[in-house]
Amino acid sequence: KNPGAATGHLHPVQIPSCCTRGPEVDYEAELAVIIKTPTKNVPVEKALDHVLGYSCANDISARKWQKNSGGGQWVRGKSFDTFCPFGPWIVTADEISDPNALDIECVLNGKTMQKSNTGDMIFSVAQIISFLSESTTLLPGTLIMTGTPEGVGFTRKPPIFLGPGDKLETK
């Protein structure tokens, strides 16, 4: 994500004008992993040694923009300013015995939209870190988004997208 996508707890998500021609902005509750040391080519068995801590985050995504306006680059539709609210806390790695056993939940306007556990992820936190470090040096402060559980808005019938004034909670 673009570093400008990061925003703090209780800060509003700004829906840019290029996303207002019909609803398209979606939520994705995720575990965020914060890297503490430069990490390159780390084996899975050592990957968690490079974690500073964990936080709740939301990987806000502009769906139409991802599919039709991003030049085939779906990441750009996730990197608009304020599209990564996270926090309010970072729980240090020594306080989490198993990052693959954490509950994750997304609540929109008081209604639970996503509810799962990181144990249901396709890849473990260590596997994600190891894989990413194969091609990129993960610098201290790197925020890794781990993927979202079922229940995102565009897959619902009818679809549910974010709009002005919505209250989005990621737990």
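**Exercise 1. Cysteines**

Determine how far the sulfur of C84 is from the closest cysteine sulfur, and decide what this means for a bond.

*Solution.* In this predicted model, the cysteine sulfur closest to that of C84 belongs to C56 and lies 12 Å away, which is too far for a bond. The next step is to repeat the reasoning from C56, whose closest cysteine sulfur is in C106 at 11 Å, again too far for a bond. For a disulfide, the two sulfur atoms would have to be within 2.5 Å. A search of the whole structure agrees with this reasoning, since the number of disulfides found is 0. The surroundings of the two residues can then be added: C84 counts as buried because its relative accessibility is 2%, whereas C56, at 27%, counts as partly exposed.

**Exercise 2. An aromatic pair**

Find which rings form the aromatic pair of this structure, and classify their geometry.

*Solution.* The search of the whole structure returns 1 aromatic pair. Its members are F80 and F83, whose ring centres are 5.3 Å apart and whose planes meet at 85 degrees, so the pair is edge-to-face. The cut-off needed for this step is that planes over 60 degrees apart count as edge-to-face. As a last step, accessibility shows that both F80 and F83 are buried.

**Exercise 3. The surroundings of E105**

Work out whether E105 is buried or exposed, and which side chain it meets in a polar contact.

*Solution.* Begin with its place, which is in strand β8, covering residues 103-108. The relative accessibility of E105 is 16%, and therefore E105 counts as buried, the limit being under 20%. Its side chain makes a polar contact with the side chain of T112 at 3.1 Å. Beyond its neighbours within four places in sequence, E105 is in contact with A29, T112, Q114, K115, E169, T170 and K171.

**Exercise 4. The side chain of N117**

Identify the backbone atoms that the side chain of N117 reaches.

*Solution.* N117 is placed in strand β9, residues 111-117, and at 22% relative accessibility N117 counts as partly exposed. A polar atom of its side chain lies 3.4 Å from the backbone oxygen of L102, and the side chain also reaches the backbone nitrogen of G119, at 2.7 Å. If residues up to four places away in sequence are not counted, N117 touches N100, A101, L102, D103 and I104.

**Exercise 5. The buried residues of helix α3**

List the buried residues of helix α3 and state what they pack against.

*Solution.* In α3, residues 125-135, the buried residues are V125, A126, I128, I129, S130 and S133. These buried residues pack against β3 (29-35), α1 (44-47), β4 (51-58) and β10 (143-145).

Technical notes. Residues are numbered from 1 along each chain as its sequence is written. This is a predicted model: local features need pLDDT of at least 70, side-chain atom pairs count only at pLDDT 80 or more; totals for chains, interfaces and linings use all residues. Side-chain values use heavy atoms; hydrogens and water are left out. Helices (H or I, at least four residues) and strands (E, at least two) are DSSP runs, numbered from the N terminus. Buried means under 20% relative accessible area, exposed over 50%, partly exposed in between (1.4 Å probe, protein chains only). A polar contact is a pair of N or O atoms within 3.5 Å; within protein, one must be able to donate a hydrogen and the other to accept it, and residues adjacent in sequence count only if both atoms are side-chain atoms. Contact means heavy atoms within 4.5 Å. Rings of Phe, Tyr and Trp (its six-membered ring) pair if their centres lie within 6.5 Å; planes under 30 degrees apart count as stacked, over 60 as edge-to-face and the rest as tilted.
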